[in-house]
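Grab a pencil and keep the viewer open. Here are a few short exercises, each followed by a worked solution.

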Amino acid sequence: MTSPTNSPHDVVIVGGGTAGLSAAVTLARSLRDVVVIDAGEPRNAPAAGAHNLLGREGIPPLELLEAGRREALAYGAQIHRGRASTARRTADGFELTLADGATVTARRLLLATGLVDELPDVPGVRELWGTQVLHCPYCHGYEVRGTRIGVIATGSNAVHQTLLLRQLSADVTLFLHEGPEPDDEAWDQLAALGVTVVIGQVRELARDGDRLRAVVLADGHSFAVDAVAVQPRFVARGDLYEQIGGTQTENPMGRHLTAGPTGATELPGVWAAGNAGDLSAMVGASAAQGVLAGAAINADLVMADVRVAVRERADRARVVGAGAAAGTNGLAGDFSPVMEARVAELVLGDRRHGFAVDG
Ligand SMILES: Cc1cc2nc3c(=O)[nH]c(=O)nc-3n(C[C@H](O)[C@H](O)[C@H](O)COP(=O)(O)OP(=O)(O)OC[C@H]3O[C@@H](n4cnc5c(N)ncnc54)[C@H](O)[C@@H]3O)c2cc1C
């Protein structure tokens with residue numbers, strides 16, 4: 001970890017999770033001056049392992065990020081532990097202010113800030129989140145296979161989630177709680193798969209220490225379970241994006257930054273990667289999006305620099321032409337070593353070739 005320098009960087013990445021670090025590696029490998037600002041709160045921190053990650057199956061999430069930081073640093077990226085609190089557009093790019101008062105400037109901005117899981121307000125859910133309370137059958141459904149699973153409905157996705165979990169266990173109970181009443185088709189599906197449906201408000205998750213014991217209803221009825229699934233609302237961390245004029249997209253799952261396939265947003269110079277722009281991206285997809293965004297940003301900077309180089313070259317050629325017409329710059333008259341040297345100097349600068357001329 002380093003302190004960010006104030007010098008303008010090529011790219012500042014906010015967020016050092018899988019998406020941000022993957023982008024940092026891609027950019028640093030393109031010899032870009034890149035700085036990552038990371039508050040150190042990756043979404044899957046409470047989970048024991050990151051699953052569905054080929055080659056690193058089940059690796060503890062923080063261990064994966066530690067390895068990612070080492071890789072990014074080895075290629076020359078800077079990583080700064082801190083929180084970016086404000087962002088503004090400047091003439092040359094962007095300026096971020098960090099919570100500790102430091103400022104960071106860069107030509108391009110990548111927001112890899114992840115999302116916040118807004119959990120149902122049921123006592124016990126937050127305490128067991130990521131261990132025995134889960135949301136994603138692919139992330140940790142296998143780990144609770146064959147056990148007693150309760151689904152606490154809060155959203156329209158609850159029945160679908162129940163059907164997915166039923167693939168992993170024959171003992172699944174759907175607590176309707178605050179979820180919408182299933183339609184006829186859903187009732188048929190739940191009945192056909194032998195899912196127990198419980199009507200009534202859930203009061204709390206009963207626990208023995210840090211072990212989940214039961215789902216308890218408001219009327220006092222208690223149902224023994226080993227794991228519980230919920231449907232959080234997924235809310236991207238989008239405040240910096242809004243500060244520079246971005247508008248977020250609302251969908252039934254939550255809210256996210258609006259980004260295209262390579263992460264480019266509606267705001268010139270601003271990209272998004274990972275859960276900030278894609279609420280359903282898992283670790284592998286977030287990493288892939290980071291790489292894509294990193295490559296797209298590098299290509300954008302390359303083309304910006306190419307445009308400047310072409311313009312400067314054209315300007316130099318115009319000077320030569322004007323000089324020739326006016327008979328100045330040593331370019332007037334017949335061809336001579338002096339004229340050749342002057343033309344090479346004006347057009348090619350340090351890369352010039354041609355006759356060596358003294359004086
Ligand atoms: C409990 C749980 C278990 C999961 N298990 C799996 C699994 O097994 N397999 C799988 O593929 N996926 C899993 N996921 C999903 C996984 O967490 C996400 O896919 C992944 O974290 C997305 O990466 P990201 O880089 O977009 O965001 P994050 O990993 O959330 O990283 C975002 C980073 O940005 C930082 N940040 C945000 N705002 C700022 C700011 N203003 N300034 C500085 N830093 C900032 C945060 O502190 C954080 O470090 C799980 C999710 C949860 C909730």
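Two residues are in contact if their C-beta atoms, placed from the backbone, lie within 7 Å. Keep in mind that this is a predicted model.

**Exercise 1.** Find what Ile13 touches, leaving out residues up to four places away in sequence.

*Solution.* Start with Gly20, Ala23 and Ala24, which are among the residues Ile13 touches. Then add Val34 and Val36, followed by Leu110 and Ala112.

**Exercise 2.** Place Ile13 in the largest nonpolar core, and say which helix gives the most to this core.

*Solution.* The core has 52 residues. Ile13 is one of those that touch the most other members, along with Val12, Ala24, Leu110, Leu111 and Trp271. As for the helix, H1 gives the most, with seven residues. Apart from this core lies another, of 26 residues, including Ile149, Val151, Phe175 and Ala229. As background, nonpolar side chains in soluble globular proteins tend to be buried together.

**Exercise 3.** Describe the shell around the ligand, then work out why it lies between domain 1 and domain 2.

*Solution.* First, count: 41 residues surround the ligand, and the closest are Gly15, Gly17, Gly114, Gly274 and Met282. Next, sort them: 18 are nonpolar, 17 polar and six charged. Then look at the elements: helices H1 (18–29), H4 (137–140) and H8 (283–326), plus strand E2 (34–38), each supply at least two shell residues. Finally, domain 1 (9–117 + 234–306) and domain 2 (120–229) both give residues to the shell around the ligand, so it lies between them.

**Exercise 4.** What share of the 359 residues in the protein is buried?

*Solution.* Buried residues come to 38%.

Conventions:
Residues are numbered from 1 along each chain as its sequence is written. This is a predicted model: local features need pLDDT of at least 70, side-chain atom pairs count only at pLDDT 80 or more; totals for chains, interfaces and linings use all residues. A residue is near a molecule or strand if its C-beta atom, placed from the backbone, lies within 6 Å of it. Helices (H or I, at least four residues) and strands (E, at least two) are DSSP runs, numbered from the N terminus. Ala, Val, Leu, Ile, Met, Phe, Trp, Tyr, Cys and Pro count as nonpolar, Asp, Glu, Lys and Arg as charged, and the others, Gly among them, as polar. Domain bounds come from an automatic or database domain assignment. A nonpolar core is a set of buried Ala, Val, Leu, Ile, Met, Phe, Trp, Tyr and Cys residues joined through C-beta atoms within 7 Å. A residue is buried if 20 or more other C-beta atoms lie within 10 Å of its own, exposed if 12 or fewer, and partly exposed in between; C-beta atoms are placed from the backbone.
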